[in-house]
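Colleague: Could you take me slowly through one part of this model, and explain what the words mean as you go along?

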Amino acid sequence: RRAYHRRPQSILGCPGRFTMPTMPASDPLDAELRGKVLYVEDVDVNYVIVEAGLASFPNVQLMRAATGLDGVRLVRSEHPDFVLLDMHLPDISGLEVVRQISEDIAARRLRVTILTGDELTMDVIKAMSLGAFEYWIKPVDVRVLRDGVRRALAGHRPDPAHTLAPR
């Protein structure tokens, strides 16, 4: 599959069969937040949910890669400010994506957040040790998504609740 930047017309071609969760009111400062977010995700529904969650950030550009290799390519060509990374991709693992972009993480202080349907796994631990910013469990809560994007794009520290830091 190829990476693409379009907005899906409907979810899996089934208009009216999926209802988006009610989104909480956004912060008035959201309009000031700027940046490019790359979501590396092969499942259309997951992308649409994140897209809806980020709709309150008018100056945040959301891009998508449907495979890990396309994600690596877009990190290097588009220079996103923040990467949301699924751990289970059709070609290479999310951990391998983190390995391949680890220089970008270090040199550009690129923020990468791992999205996983699994609880804490060895791959998540390894990705965090390679410089991933945070990890979130799917399905991601809209507040977690928005707060995490705010932290990442504003250059704030990660939330300890979403890192390997002792709690």
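Modeller: Let us begin with a term, since buried here means having under 20% relative accessible area, while exposed means over 50% and partly exposed lies in between. Please keep in mind that this is a predicted model. With that cut-off in hand, we can look at helix α1, which covers residues 44-53 and in which V45, Y47, V48, V50, E51 and G53 are buried. The elements that cover these buried residues of α1 include the strands β1 (35-40), β2 (60-65) and β3 (82-86), together with the helix α6 (142-154).

Two of those covering elements, β3 and α6, lead us on to the charged residues. Side chains of opposite charge can pair when their charged atoms come close. The structure holds ten salt bridges, and one of them joins the side chains of D86 and K138, with 2.9 Å from N to O. Because D86 lies in strand β3 and K138 in the loop between β5 (134-137) and α6, this pair ties together parts that are 52 residues apart in sequence. Both D86 and K138 are buried.

Within helix α6 there is another salt bridge, between R150 and D147, whose closest N and O atoms are 2.7 Å apart. These two residues are three places apart in α6, so about one helical turn separates them. R150 is partly exposed at 21% relative accessibility, and D147 is also partly exposed, with a relative accessible area of 37%. Returning to D86 and K138, we find that salt bridges with shared partners join them and E41 into one network.

A further salt bridge is formed by R108 and D104, where the closest N and O atoms are 3.8 Å apart. Here R108 counts as partly exposed because its relative accessible area is 32%, whereas D104, with a relative accessible area of 14%, counts as buried.

Finally, we can turn to a single glycine, G68, which has its place in helix α2 (residues 68-78). G68 is buried, and its relative accessible area is 0%. If we leave aside the neighbours within four places in sequence, G68 is in contact with V40, L89, D91, I92 and V97. As for Q100, this residue is 32 places from G68 in sequence, and the distance between them in space is 9.8 Å from C-alpha to C-alpha.

Key
Residues numbered from 1 in each chain as written. Predicted model: local features only at pLDDT ≥ 70, side-chain atom pairs only at ≥ 80, totals over all residues. Heavy atoms only, no water. Buried < 20%, exposed > 50% of the residue type's maximum accessible area, 1.4 Å probe, protein only. Helix = DSSP H or I, 4+ residues; strand = E, 2+ residues; numbered from the N terminus. Contact = heavy atoms within 4.5 Å. Salt bridge = Lys/Arg side-chain N within 4 Å of Asp/Glu carboxyl O.
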